[in-house]
Amino acid sequence: MSITAVMPTYARTDVAFEKGEGSYLTDSTGRRYLDFGTGIATAGIGHCHPHLAEAIAKQAATLMHCSNLYNIPGQQKMADRLVAATFADSVFFGNSGAEANECAIKMARRYQHVSGHPERYRVITFENCFHGRTLATIAATGAEKVLQGFGPKVDGFDHVPFGDLKATEGAISNETAAIMVEAVQGEGGFFVAPDGFLEGLRKLCDKHGLLLIADEIQTGMGRTGTFLAFEQFGVKPDIATLGKSIGGGFPTAACIATAEAAKGMTAGTHGSTYGGNPLAMAAANATMDVVLEAGFMDHVQAMSKRLRAGVEAIRDRNDSLIELVRGKGLMIGLKTRVPNGEIVNKLRDAGMLTVPAGDNVVRLLPPMTVSEAEIDEALAIIEKICVEDGS
Ligand code: PLP
């Protein structure tokens with residue numbers, strides 16, 4: 001039985017990138033692409049942002065790792081900034097989104113345990129969600145395609161339709177600990193939480209003594225035009241998870257929580273070798289410097305408006321190819337009438353990178369630092385492939 005040296009768990013496109021600069025990637029043949037995929041919403045402040053690259057290089061030459069056995073000043077700084085920027089009082093640092101969600105799930109169970117409800121361990125999640133690839137987070141995700149062959153499924157997750165408050169309340173039992181939700185379902189295809197839904201979940205959590213967990217791994221760090229997407233719905237969760245853009249491409253993640261939600265997370269209850277190490281925190285703090293700059297969110301909102309108006313106009317002219325446009329901020333999805341992979345391929349051939357998602361959606365996820373001219377360039381490429389398609 002032969003197998004590739006790199007385990008073949010990904011259906012890869014035959015391109016290798018060698019250089020990144022702002023909104024552009026250059027491949028090994030020297031071809032330049034406009035990157036509206038950002039490694040699935042990860043190079044949030046653009047590729048190799050000079051401030052981020054410099055901070056990483058400086059820290060790499062000073063101290064990369066020392067262990068959470070000791071104080072890590074960069075962790076303290078980043079935690080203080082996350083606390084100041086959000087509803088949260090406390091932060092746990094991990095290395096990936098799935099790990100941040102594991103921390104959130106463990107924290108919810110632990111909260112109920114120390115609150116005198118050890119029987120409450122179940123988490124309600126939503127159809128079409130995505131929470132990661134660990135054993136617990138595939139169970140949280142619940143889709144057959146991520147679970148198949150990995151049984152037995154981790155117990156403790158109940159799934160209800162996204163947007164359905166009645167079904168959510170119906171799924172709450174005396175074993176429920178928490179509800180976990182994305183404000184905009186990322187992998188699922190950019191479904192935005194309907195009006196009143198997150199507010200309704202907050203009320204249900206308060207009524208039944210549950211914690212509300214916001215998975216902001218794709219939506220957070222300004223991607224939707226506010227630091228957390230939840231802010232735009234006027235809802236404060238008890239726990240939120242951040243990943244992807246938080247390190248600007250350097251692998252890091254965070255689980256942020258109120259003091260009440262985190263009250264069971266005492267010394268020895270949870271940990272990570274790499275989580276929040278000096279190098280990761282140099283990357284996160286440098287990214288944070290950029291995201292917290294005056295005018296950054298205004299820029300994201302303005303670029304979102306421009307891109308959205310542009311793709312909506314293209315949809316109006318090409319509605320036999322593009323069925324609808326949805327999303328929030330700089331998470332804009334095109335639901336296409338032909339297989340989304342075909343559009344992703346055509347755009348790539350035309351020099352623009354995008355990412356497919358569920359519900360036959362093509363995801364546009366430009367860097368949050370994208371310029372007007374780059375948006376106009378992207379719109380011209382999308383229009384061009386629509387015209388070539390003859391629609
Ligand atoms: N949660 C959401 C909403 C995501 O979009 C992702 C990744 O796509 C994850 C969790 C998992 O993150 P990671 O791949 O870093 O483990």
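How many nonpolar, polar and charged residues does the shell around the ligand have? I looked this up before anything else, keeping in mind that the model is predicted.

**Entry: ligand shell**

I found 3 nonpolar, 6 polar and 4 charged residues in the shell around the ligand. In total, 13 residues surround the ligand, and the closest are Gly-97, Ala-98, Asp-215, Gln-218 and Lys-244. I then asked which helix gives the most to the shell around the ligand. Helix H4, residues 97-114, does so with 3 residues.

**Entry: polar contacts to the ligand**

I went through three of the closest residues one by one. Gly-97 places a backbone N or O atom 2.8 Å from an oxygen atom of the ligand. For Ala-98, a backbone N or O atom also lies 2.8 Å from a ligand oxygen atom. Asp-215 uses its side chain: a polar atom there lies 2.7 Å from a nitrogen atom of the ligand. I noted next how much of the ligand is covered. Taken alone, the ligand exposes 390 Å², and the protein buries 81% of that.

**Entry: the whole protein**

I counted 12 helices and 17 strands in the protein. The radius of gyration is 21 Å, close to the 21 Å that the globule rule gives for 391 residues, so the protein is as compact as a globular protein of that length. Along the principal axes, the C-alpha atoms fill a box of roughly 65 × 55 × 55 Å.

I also checked burial and surface. Of the 391 residues, 52% are buried. The protein exposes about 17100 Å², and carbon and sulfur atoms supply 53% of this area. For contacts with a separation of 6 or more, I noted that 72% join residues 24 or more positions apart.

**Entry: Thr-86**

Where does Thr-86 lie? I placed Thr-86 in the loop between helix H3 (73-85) and strand S4 (90-94). My next query was whether Thr-86 counts as buried or exposed. Thr-86 counts as buried because its relative accessibility is 14%, and the cut-off for buried is under 20%.

I then looked at the side chain of Thr-86. One of its polar atoms lies 2.7 Å from the backbone oxygen of Leu-82. The backbone nitrogen of Ala-88 lies 3.1 Å from a polar atom of the Thr-86 side chain. Leaving aside residues up to four places away in sequence, I found that Thr-86 touches Phe-227, Leu-228 and Ile-256.

Technical notes. Residues are numbered from 1 along each chain as its sequence is written. This is a predicted model: local features need pLDDT of at least 70, side-chain atom pairs count only at pLDDT 80 or more; totals for chains, interfaces and linings use all residues. Side-chain values use heavy atoms; hydrogens and water are left out. A residue is near a molecule or strand if one of its heavy atoms lies within 4 Å of it. A polar contact is a pair of N or O atoms within 3.5 Å; within protein, one must be able to donate a hydrogen and the other to accept it, and residues adjacent in sequence count only if both atoms are side-chain atoms. Accessible areas come from the Shrake-Rupley method with a 1.4 Å probe; for residues, only the protein chains shown count as cover. Helices (H or I, at least four residues) and strands (E, at least two) are DSSP runs, numbered from the N terminus. Ala, Val, Leu, Ile, Met, Phe, Trp, Tyr, Cys and Pro count as nonpolar, Asp, Glu, Lys and Arg as charged, and the others, Gly among them, as polar. The radius of gyration is taken over C-alpha atoms; the globule rule is 2.2 Å times the number of residues to the power 0.38. Buried means under 20% relative accessible area, exposed over 50%, partly exposed in between (1.4 Å probe, protein chains only). Contact means heavy atoms within 4.5 Å.
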